[in-house]
Every structure is written in structure tokens, then in C-alpha cells.
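User: Could you walk me through this one? I'd like to start with the ligand site and then move on to the rest of the fold.

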Amino acid sequence: MARVLVYYAHPGDRFSHVNAALFQAARDVDGIATLDLYRAYPRFNIDIDAEQQRLRDHDVIVFQHPLFWYSTPALIKEWIDLVLEHGFAYGTGGEALHGKSLLQVLSAAGPEDAYSPEGYQHFELRRFLTPMEQTARLCGMRYLAPYPLYGALQARDDGRLNPHLAGYRTVLEALRDDRLDLDAATHAEILSADALPLTPRL
Ligand SMILES: Cc1cc2nc3c(=O)[nH]c(=O)nc-3n(C[C@H](O)[C@H](O)[C@H](O)COP(=O)(O)O)c2cc1C
């Protein structure tokens, strides 16, 4: 069993179309730890020691958030800046995160075809996520392909939200049970609910 931790960050959670439901789905999975970052730190006064201990205590770190200006909500950036200290996460003696995995679960208003060189967002989604990917790498972590929900504001009406929620639960259970094929998940462009790289049950 892997110890999975979901960090959820949404400053406007009350108005959420999809992330609140996704976070509830995560909380419903047995054996998964969760933290609502904006609830824990509404004034950004992050407890660095507590967060570093939380990281030591888990094998898989999930950041679940809406895409804000092609990046994360600000509290995740603040968390990264403060918690991933030299000597803890990187640099001399900074090996606390080595061998752990990092997964981004995110939603975007833009439709999938907008995230391409021909689309209005001009770049593939993965291009916008390279700072997080390299942050994970520098810290000796495995960066798994993200699990995105495009066109998030239409997802419920289009009937895409429920399969996406079910896929999220499956991803978390598979991570917990060491059933996600980590090599395949590392080399994939994105993870999607209908093609999750699962290993057979033993
Ligand atoms: C400040 C802000 C910035 C946003 N930036 C982006 C963006 O860069 N790309 C995008 O596709 N959607 C962007 N959006 C839309 C959100 O990603 C979208 O509303 C969210 O994923 C929907 O999730 P929710 O219903 O849980 O809030 C932005 C929304 C806000 C409020």
C-alpha cells in the first residue's frame, strides 16, 4: 500500500463547478489523506515544519486545483516556495522527497483542442505544467502524467463530469494499492479516465 496525500487548492471553492466534487470524491476514498490548503491556510501562514512532516509521511503527493492563468492557484506556489527548502527537498542533504511521486489533477475552462499550437491557448497543456514537472524532478520525485478535465464549465451538462470523478477515484485507489503502472503513467502525455494504465490485480 502506498501512502497517498491529496492537497486541494481552490480559493473560490463555494462557487466550484467541478473541483469541490472532485475533492469530495478524493475524501471518499479509503486510506487517502487529504488537506484543503485554502481552508488550512486562508492567510497563507503555511506551517513549514508540519508540511515537511506531511511530505515525509506520504509516498504520493497529489495537487488538485483549477488552472489559474496557466498555472496553479497562488497558495500552491507559496507552499512550494516555503516548504521545498534547500537541505530538505533539494541540494546538500535534501533527499526527503527522493523516490516519491507527484500527480497534478487539474481543471481548465479551455477545451482540449484549445491547448494545441493551432488552438487559442497556443501551447499543449503539458507546456504550461513544465515548472511543476521540473520542480518534482529536481526534488528526486517521479512526475506522473497529469489528470486534466478540459472544458470544465460544461463538463457536468455534457455528461463528462461523472466519468471523470469515477476515473479520479480509480486513479487514487490504484496509487494507494500500487496498481497504477508508474512507468506508463510517467511516459503518457496525460491520464484520461477511459485509458488508465492499471496493472492486473494480484
Ligand atoms: C483567476 C482565474 C484564472 C483562470 N485561468 C485559466 C487558464 O489559464 N486557463 C483555463 O483554461 N481556464 C482558466 N480559468 C478557468 C478555471 O480553470 C475554471 O473556472 C476551473 O477550472 C473550473 O473549476 P471549478 O468549477 O472547480 O472552479 C481561470 C479562472 C480564474 C478564476
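User: Happy to begin with H10. How far does a polar side-chain atom of H10 lie from an oxygen atom of the ligand?

Analyst: Bear in mind that this is a predicted model. H10 is among the residues that come nearest to the ligand, together with S16, H17, S107 and Y115. From a polar atom of the H10 side chain to an oxygen atom of the ligand, the distance is 2.7 Å.

User: And the backbone? Which residue has a polar backbone atom 2.7 Å from an oxygen atom of the ligand?

Analyst: There are two backbone contacts to go through here. V18 has a backbone N or O atom 3.1 Å from a ligand oxygen, so going by the distance asked for, V18 isn't the one. The residue with a polar backbone atom at 2.7 Å from a ligand oxygen is L67.

User: How much of the ligand's area does the protein bury?

Analyst: Start from the ligand taken alone, which exposes 630 Å². Of that area, the part buried by the protein is 76%.

User: What about the make-up of the shell: how many of its residues are charged?

Analyst: The ligand has 18 residues around it. In that shell, 11 are nonpolar and seven are polar. The count of charged residues is therefore none, as Asp, Glu, Lys and Arg are what would qualify.

User: Now the surface. Is W69 buried or exposed?

Analyst: W69 sits in the loop between β3 (60–66) and α4 (74–83). With F68 and Y70, W69 makes a nonpolar surface patch of about 380 Å². The relative accessible area of W69 is 78%, and the cut-off is over 50%, so W69 is exposed.

User: On to salt bridges. Why are D81 and K77 separated by about one helical turn?

Analyst: The structure holds nine salt bridges, and one of them joins the side chains of D81 and K77 at 2.9 Å, N to O. Both residues are partly exposed, D81 at 46% relative accessibility and K77 at 46% as well. They are about one helical turn apart because they are four residues apart in helix α4.

User: R142 and D183 also pair up. How many residues apart in sequence are the parts that this pair ties together?

Analyst: The closest N and O atoms of the R142–D183 salt bridge are 3.1 Å apart. R142 lies in strand β5 (residues 142–143) and D183 in helix α9 (residues 182–187), so the bridge links a strand to a helix. R142 is partly exposed at 29% relative accessibility, and D183 is partly exposed at 46%. In sequence, the parts tied together are apart by 41 residues.

User: While we're at R142: how far apart in space are V60 and R142, C-alpha to C-alpha?

Analyst: V60 lies in strand β3 and counts as buried at 5% relative accessibility. In sequence, V60 and R142 are 82 residues apart. In space, their C-alpha atoms are apart by 9.3 Å.

User: There's a salt bridge between R176 and D177 too. Which of these two counts as buried?

Analyst: The side chains of R176 and D177 meet at 2.8 Å, N to O. D177, at 26% relative accessibility, counts as partly exposed. At 13%, which is under the 20% cut-off, the buried residue is R176.

User: And which residues do salt bridges that share partners join into one network?

Analyst: What makes it a network is that the salt bridges have partners in common. The residues joined this way are R126, E133 and R137.

User: Let's look at the loop with S116. Which residue has its backbone oxygen 3.2 Å from a polar side-chain atom of S116?

Analyst: S116 is found in the loop between β4 (101–107) and α5 (125–128). S116 counts as buried, at 14% relative accessibility. The backbone oxygen that lies 3.2 Å from a polar atom of the S116 side chain belongs to D113.

User: Last one, on backbone angles. What is the phi of H122?

Analyst: Most residues other than glycine have a negative phi. F44, in the loop between α2 (37–40) and α3 (48–56), has a positive phi of about 65° although it is not a glycine. H122 lies in the loop between β4 and α5 and is partly exposed at 46%. H122 isn't a glycine either, and its phi is positive, at about 70°.

Methods
Residues numbered from 1 in each chain as written. Predicted model: local features only at pLDDT ≥ 70, side-chain atom pairs only at ≥ 80, totals over all residues. Heavy atoms only, no water. Near = heavy atom within 4 Å. Polar contact = N/O pair within 3.5 Å; in protein donor to acceptor, adjacent residues only side chain to side chain. Areas by Shrake-Rupley, 256 points an atom, 1.4 Å probe, with all protein chains shown as cover. Patch = residues over 30% accessible without salt bridge, like charges linked within 9 Å, V, L, I, M, F, W, Y side chains within 5 Å. Salt bridge = Lys/Arg side-chain N within 4 Å of Asp/Glu carboxyl O. Helix = DSSP H or I, 4+ residues; strand = E, 2+ residues; numbered from the N terminus. Buried < 20%, exposed > 50% of the residue type's maximum accessible area, 1.4 Å probe, protein only.
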